[in-house]
Amino acid sequence: MHTPFKRDVSAELAKAAHEAGMKIGWYYSPMDWRDPDCRSANNDRFIKTIREELRELLTNYGKIDLLWL
């Protein structure tokens with residue numbers, strides 16, 4: 001939702017794929033070099049963020065057939 005689109009594009013994509021009987025997968029890049037917590041003394045906060053984002057991707061959009069890291 002924090003995009004210029006101001007809507008959940010992932011939800012729209014997942015819904016369209018499910019309605020069309022297509023499989024859906026997400027690509028998730030765990031490293032975010034712009035995040036000040038990444039590979040710092042606060043790396044535990046960064047890991048927590050990763051877990052929360054992955055939980056969102058894998059629970060909010062119905063069946064997900066593939067997760068690519």
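# Exercises on a predicted model

Asp37 counts as buried, at 15% relative accessibility. The model is predicted. The exercises below start from Asp37 and then move outward.

## Exercise 1. Place Asp37 and find its partners

Task: State where Asp37 sits, which residues it touches, and which side chain it pairs with.

Solution.

Step 1. Locate the residue. Asp37 is in the loop that runs between β1 and α2.

Step 2. Classify its exposure. The cut-off for buried is under 20% relative accessible area. Asp37 has 15%, so it is buried.

Step 3. List the contacts, leaving out neighbours within four places in sequence. Asp37 then touches Asn42, Asn43, Arg45 and Phe46.

Step 4. Look for a polar contact among these. The side chains of Asp37 and Arg45 make one, at 2.9 Å.

Step 5. Test for a salt bridge. The N to O distance between Arg45 and Asp37 is 2.9 Å. The limit is 4 Å. The pair is a salt bridge.

Step 6. Check the partner. Arg45 has a relative accessible area of 45%, so it is partly exposed. Asp37, in contrast, is buried.

## Exercise 2. Work through the salt bridges

Task: Give the number of salt bridges, then describe the ones made by Arg34 and Lys48.

Solution.

Step 1. Recall the principle. Side chains of opposite charge can pair when their charged atoms come close.

Step 2. Take the count. The model has six salt bridges. One of them, Arg45 with Asp37, appeared above.

Step 3. Turn to Arg34. Its partner is Asp32, with the closest N and O atoms 3.5 Å apart.

Step 4. Compare exposure within the pair. Arg34 is exposed, at 76%. Asp32 is partly exposed, at 26%.

Step 5. Turn to Lys48. Its salt bridge is with Glu52, and the closest N and O atoms are 3.4 Å apart.

Step 6. Place this pair. Both Lys48 and Glu52 belong to helix α2. They are four residues apart, about one turn of the helix.

Step 7. Apply the helix geometry. An α-helix has 3.6 residues a turn, so residues three or four places apart point the same way.

Step 8. Add exposure. Lys48 has 51% relative accessible area and is exposed. Glu52 has 39% and is partly exposed.

## Exercise 3. Read the two ends of α1

Task: Which side chain reaches a backbone nitrogen at the start of α1, and which residue follows the helix?

Solution.

Step 1. Start ahead of the helix. Asp8 lies in the segment before α1.

Step 2. Find the contact. A side-chain oxygen of Asp8 comes within 3.2 Å of the backbone nitrogen of Ser10, at the start of α1.

Step 3. Classify Asp8. Its relative accessibility is 25%, so it is partly exposed.

Step 4. Relate Asp8 to a distant position in sequence. Arg55 is 47 residues away along the chain. The two C-alpha atoms are separated by 16 Å.

Step 5. Go to the other end. Gly21 follows α1 and has a positive phi, near 75°.

## Exercise 4. Explain two backbone angles

Task: What sign of phi do Lys6 and Arg39 have, and where do they lie?

Solution.

Step 1. Take Lys6. Its phi is positive, about 60°, although it is not a glycine.

Step 2. Place it. Lys6 is in the segment before α1. It has 64% relative accessible area, so it is exposed.

Step 3. Take Arg39. Its phi is positive too, about 55°, and it is not a glycine.

Step 4. Place it. Arg39 is in the loop between β1 and α2. Its relative accessible area is 63%, so it is exposed.

## Exercise 5. Describe the largest pocket

Task: Give the volume of the largest pocket, its lining, and the element that contributes most.

Solution.

Step 1. Recall the approach. Rolling a probe the size of a water molecule over the atoms shows where empty space is left.

Step 2. State the volume. The largest pocket holds about 540 Å³ of space.

Step 3. Count the lining. It has 22 residues. Nearest the centre are Ser10, Tyr28, Glu53, Glu56 and Leu57.

Step 4. Assign the elements. α1 (9-19), β1 (25-27) and α2 (43-59) each give at least two lining residues. α2 gives the most, six.

Step 5. Sort by class. Eleven lining residues are nonpolar, five are polar and six are charged.

Terms used:
Residues are numbered from 1 along each chain as its sequence is written. This is a predicted model: local features need pLDDT of at least 70, side-chain atom pairs count only at pLDDT 80 or more; totals for chains, interfaces and linings use all residues. Side-chain values use heavy atoms; hydrogens and water are left out. On a 1 Å grid over the protein atoms alone, a cavity is a set of points where a 1.4 Å probe fits but cannot get out, and a pocket is an open set with protein on both sides within 12 Å along at least five of seven lines; lining residues have an atom within 4 Å of a point. Grid points are joined across faces, edges and corners, and a volume is the space filled by probe spheres set on the points. Ala, Val, Leu, Ile, Met, Phe, Trp, Tyr, Cys and Pro count as nonpolar, Asp, Glu, Lys and Arg as charged, and the others, Gly among them, as polar. Buried means under 20% relative accessible area, exposed over 50%, partly exposed in between (1.4 Å probe, protein chains only). A polar contact is a pair of N or O atoms within 3.5 Å; within protein, one must be able to donate a hydrogen and the other to accept it, and residues adjacent in sequence count only if both atoms are side-chain atoms. Contact means heavy atoms within 4.5 Å.
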